[in-house]
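This briefing introduces a structure to a reader who has not met it before. Please view the sequence and the model first, then read the points grouped by topic below.

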Amino acid sequence: MRSLFIDRTVVRGFNENVYTEDGKLDIWSKSQYQVFQKVTDHATTALLHYQLPQMPDVVVRSFMTWLRSYIKLFQSPCQRCGRFLQDGLPPTWRDFRTLEAFHDTCRM
């Protein structure tokens, strides 16, 4: 694992098409859903947060633990306001240390 580096993460819904119109695998296009676009943006931020070139195994484990915190994306209320939806979206931000769920505007 000396040279492992997570370069990019794209989050999409399980029902979204992963192939282009010509039948090729499409791993780069963003989700059609705003909620998954937000999670993708937060995952990009998490990749920057968890950078530790000397210990790539710790980086992968930390990032995957953080990503797993989205398992209840649509079931977890915001830890600040207590609401499930704000502006039509669930709390998409996960704290890097505690993994608690927050809406974008509530995390500050």
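Which residues line the largest pocket? Val11, Phe36, Val39, Leu67, Tyr70, Ile71, Lys72, Leu73, Phe74 and Gln75 do so. The model is predicted, with local features requiring pLDDT of at least 70 and side-chain atom pairs counting only at pLDDT 80 or more, while totals for chains, interfaces and linings use all residues. Residues are numbered from 1 along each chain as its sequence is written, and side-chain values use heavy atoms, with hydrogens and water left out.

**Largest pocket**

- The space in the largest pocket is about 170 Å³.
- Its lining comprises eight nonpolar, one polar and one charged residues.

**Glu16**

- Glu16 is found in the segment before α1 (34-49).
- Although buried (under 20% relative accessible area), Glu16 has no salt bridge, that is, no side-chain nitrogen of Lys or Arg within 4 Å of a carboxyl oxygen of Asp or Glu.
- For Glu16, the nearest side chain of opposite charge is that of Arg12, 5.6 Å away.
- A polar atom of the Glu16 side chain lies 2.8 Å from the backbone nitrogen of Gln32.

**Positive phi values**

- Asp87, which is not a glycine, has a positive phi of about 55°; this residue sits in the loop between α2 (56-68) and β1 (93-94).
- Asp87 counts as exposed, at 73% relative accessibility, where exposed means over 50%.
- Leu99 is likewise not a glycine and has a positive phi of about 65°; its place is in the loop between β1 and β2 (101-102).
- With a relative accessible area of 29%, Leu99 is partly exposed, the class between the 20% and 50% limits.

Technical notes: On a 1 Å grid over the protein atoms alone, a cavity is a set of points where a 1.4 Å probe fits but cannot get out, and a pocket is an open set with protein on both sides within 12 Å along at least five of seven lines; lining residues have an atom within 4 Å of a point. Grid points are joined across faces, edges and corners, and a volume is the space filled by probe spheres set on the points. Ala, Val, Leu, Ile, Met, Phe, Trp, Tyr, Cys and Pro count as nonpolar, Asp, Glu, Lys and Arg as charged, and the others, Gly among them, as polar. Helices (H or I, at least four residues) and strands (E, at least two) are DSSP runs, numbered from the N terminus. Buried means under 20% relative accessible area, exposed over 50%, partly exposed in between (1.4 Å probe, protein chains only). Lys and Arg count as positive and Asp and Glu as negative; His and the chain ends are not counted. A polar contact is a pair of N or O atoms within 3.5 Å; within protein, one must be able to donate a hydrogen and the other to accept it, and residues adjacent in sequence count only if both atoms are side-chain atoms.
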